[in-house]
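Here is a friendly briefing to read alongside the model. Please keep the sequence and the 3D view open as you go.

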Amino acid sequence: MAVDFDYYQALGLTRNATDVDVKKAFRKLALVYHPDRNASDTAKQDFLQICEAYDILSNPQRKGILDLHGEQALKAGMAETQPGTGWAGYSFDPASGPEQVFSNFFGTSNPYEALNGLASSFENMAATPKLELGKQSTHSLLLSLEEMYHGCVKKVTHERQVVKADGTSATEQRELSIDVRPGLPEGTQFVFDKEGDVGPKNKAGRVMYVLKAQQHPSFTCKGSDLLYTAQIPLYQALCGTALPVDTLDGRTLSVPVTDIVRTGDKALVPQEGMRKASGGQGDLHITFEVVYPVSLTEHQRTMLKAAFFLPQKLDAKQTKALRSFETAFRDETHGWITAFRKDGQQAT
């Protein structure tokens, strides 16, 4: 009676070996005894037995039959007396079987390619995991128009999450210094690398501050231009005036208004807007808003009508009446020109 071959021993295993143990043993021994790498006289036979052992022990059904009935019964097969009791006889082709088993396991029939594949796998397992960059944190940098015009250095403080040595998370205060050059426009981005949150699976990301203009009591910024709404009373809109405008650098402009203006009319003062970071300066755009009186006395109504219906050519009597009116108006003691001058106007 033939003695059963010990397939467990061929892989250096005991009968209580697990599926993982079988794979590990085959991976090691197949590369050692592959005939293309091992020139010994017994390498080919050893490789054949290793591959056949793996082909049987890696298959749960074959392994079960081997453990219960032995090698001879596995290869002979058994007729089915009852449903599920029989099995076909097992055979292993010594010519093509070893190469097929090796190729199925390693994905190649070349043992050197198999070794390179294993080396790459181990390198990937041993390599330090590459941390992803954390999310970017974006904040607004609010500046006055004066700060944007002249430039400034702003100190800002932000909080970020960090991982302590014991693996717990903590909040950390970070102070950053932002150098704002004169004339930088709204929307300018100041980016700080490695100042963001730090997590177990990510490294510090970026923190970005975006320049934004605060609301100004007089001006609105549009690019490098300044927009200004000038409210002027009706008599200035009709008679003209010298409009005072306080600039961002502390000067006071005197903008002449010589034509009759209506609400919505515009005036342009070149080179009096925001500074440009590239050099030069934007413009000042003035929009007029005429303010009407809320009430008029009967005398004021009469004078307004008289002014609007004053003829271009006056007769002697009309000229004398007009001169009398002008004299009374300009009188330094009793004339109402004094109120006109207090309002910053010059009578003509």
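Lysine 194 is exposed, and its relative accessible area is 66%. This residue sits in the loop that runs between strand E5 (189-192) and strand E6 (202-203). Its phi is positive, about 60°, although lysine 194 is not a glycine. Please bear in mind that this is a predicted model.

**Positive phi elsewhere**

- Glutamine 271 also merits a look, since this residue has a positive phi of about 60° although it is not a glycine.
- The loop between strand E12 (266-269) and strand E13 (284-291) is where glutamine 271 lies.
- With a relative accessible area of 47%, glutamine 271 is partly exposed.
- A glycine joins the list: glycine 107, just after helix H6, takes a positive phi of about 80°.

**The two sides of helix H6**

- Helix H6 spans residues 97-106, and its buried residues are Gly97, Pro98, Val101, Phe102 and Phe106. Because these residues cover an arc of only 140° around the axis, they lie on the same side of H6.
- As background, an α-helix has 3.6 residues a turn, so residues three or four places apart point the same way.
- Glu99 and Asn104 are exposed, and they are carried on the face of H6 turned away from its buried side.

**Helix H2 against helix H3**

- Two packed helices are described by the angle between their axes and the distance between the axes.
- For helix H2 (residues 19-33) and helix H3 (residues 43-57), the axes come within 10 Å and cross at roughly 160°. An angle over 145 degrees counts as roughly antiparallel, and H2 and H3 are therefore roughly antiparallel to each other.
- The crossing in which H2 passes H3 is left-handed.
- On the H2 side, the contact is made by Val22, Lys23, Phe26, Leu29, Ala30 and Tyr33. On the H3 side, the contributors are Ala43, Asp46, Phe47, Ile50, Cys51, Tyr54 and Leu57.
- Sorted by class, this contact of H2 with H3 has 11 nonpolar residues, two charged residues and no polar ones.

**Helix H3 against helix H6**

- The axes of H3 and H6 come within 9 Å, and they cross at roughly 60°. That angle makes H3 oblique to H6.
- H3 and H6 have a left-handed crossing.
- Phe47, Leu48, Cys51, Tyr54 and Asp55 of H3 meet Pro98, Val101, Phe102 and Phe105 of H6 in this contact.
- The contact of H3 with H6 has eight nonpolar residues and one charged residue, with no polar ones.

**Helix H2 against helix H6**

- H2 and H6 pack with their axes 12 Å apart, at an angle of about 120°.
- The crossing of H2 and H6 is left-handed.
- From H2, the residues making the contact are Lys23, Phe26, Arg27, Ala30 and Leu31. From H6, they are Val101, Phe102, Phe105 and Phe106.
- Seven of the residues in the contact of H2 with H6 are nonpolar, two are charged and none is polar.

**Alanine 10 and its surroundings**

- Alanine 10 belongs to helix H1 (residues 7-10).
- Leaving aside neighbours within four places in sequence, the contacts of alanine 10 are Phe5, Leu29, Gln49, Ile50 and Ala53.
- Among these, Leu29 and Ile50 also take part in the contact between H2 and H3.
- From alanine 10 to leucine 268, the C-alpha to C-alpha distance is 98 Å, with their positions 258 residues apart in sequence.

**Tyrosine 228 in strand E9**

- Which strand holds tyrosine 228? This residue lies in strand E9 (residues 225-233).
- Tyrosine 228 is buried, with a relative accessible area of 16%.
- Not counting residues up to four places away in sequence, tyrosine 228 touches Ser218, Phe219, Pro244, Val245, Leu284, His285, Ile286 and Thr287.
- Serine 218 is 10 residues apart from tyrosine 228 along the chain, and their C-alpha atoms are separated by 6.4 Å.

**Lysine 305 in helix H10**

- Helix H10 (residues 298-308) contains lysine 305.
- Lysine 305 is exposed, and its relative accessible area is 56%.
- Between the C-alpha atoms of lysine 305 and proline 60 the separation is 115 Å, and the two are 245 residues apart along the chain.

Definitions and conventions
Residues are numbered from 1 along each chain as its sequence is written. This is a predicted model: local features need pLDDT of at least 70, side-chain atom pairs count only at pLDDT 80 or more; totals for chains, interfaces and linings use all residues. Side-chain values use heavy atoms; hydrogens and water are left out. Buried means under 20% relative accessible area, exposed over 50%, partly exposed in between (1.4 Å probe, protein chains only). Helices (H or I, at least four residues) and strands (E, at least two) are DSSP runs, numbered from the N terminus. The arc is that of the directions from the helix axis to the C-beta atoms. Axes are lines fitted to C-alpha atoms, for helices over the stretch in contact, and angles run from 0 to 180 degrees between N-to-C directions. Angles under 35 degrees count as roughly parallel, over 145 as roughly antiparallel, 65 to 115 as roughly perpendicular and the rest as oblique. A crossing is left-handed if the near helix is turned anticlockwise from the far one by less than a right angle, and right-handed if clockwise. Contact means heavy atoms within 4.5 Å. Ala, Val, Leu, Ile, Met, Phe, Trp, Tyr, Cys and Pro count as nonpolar, Asp, Glu, Lys and Arg as charged, and the others, Gly among them, as polar.
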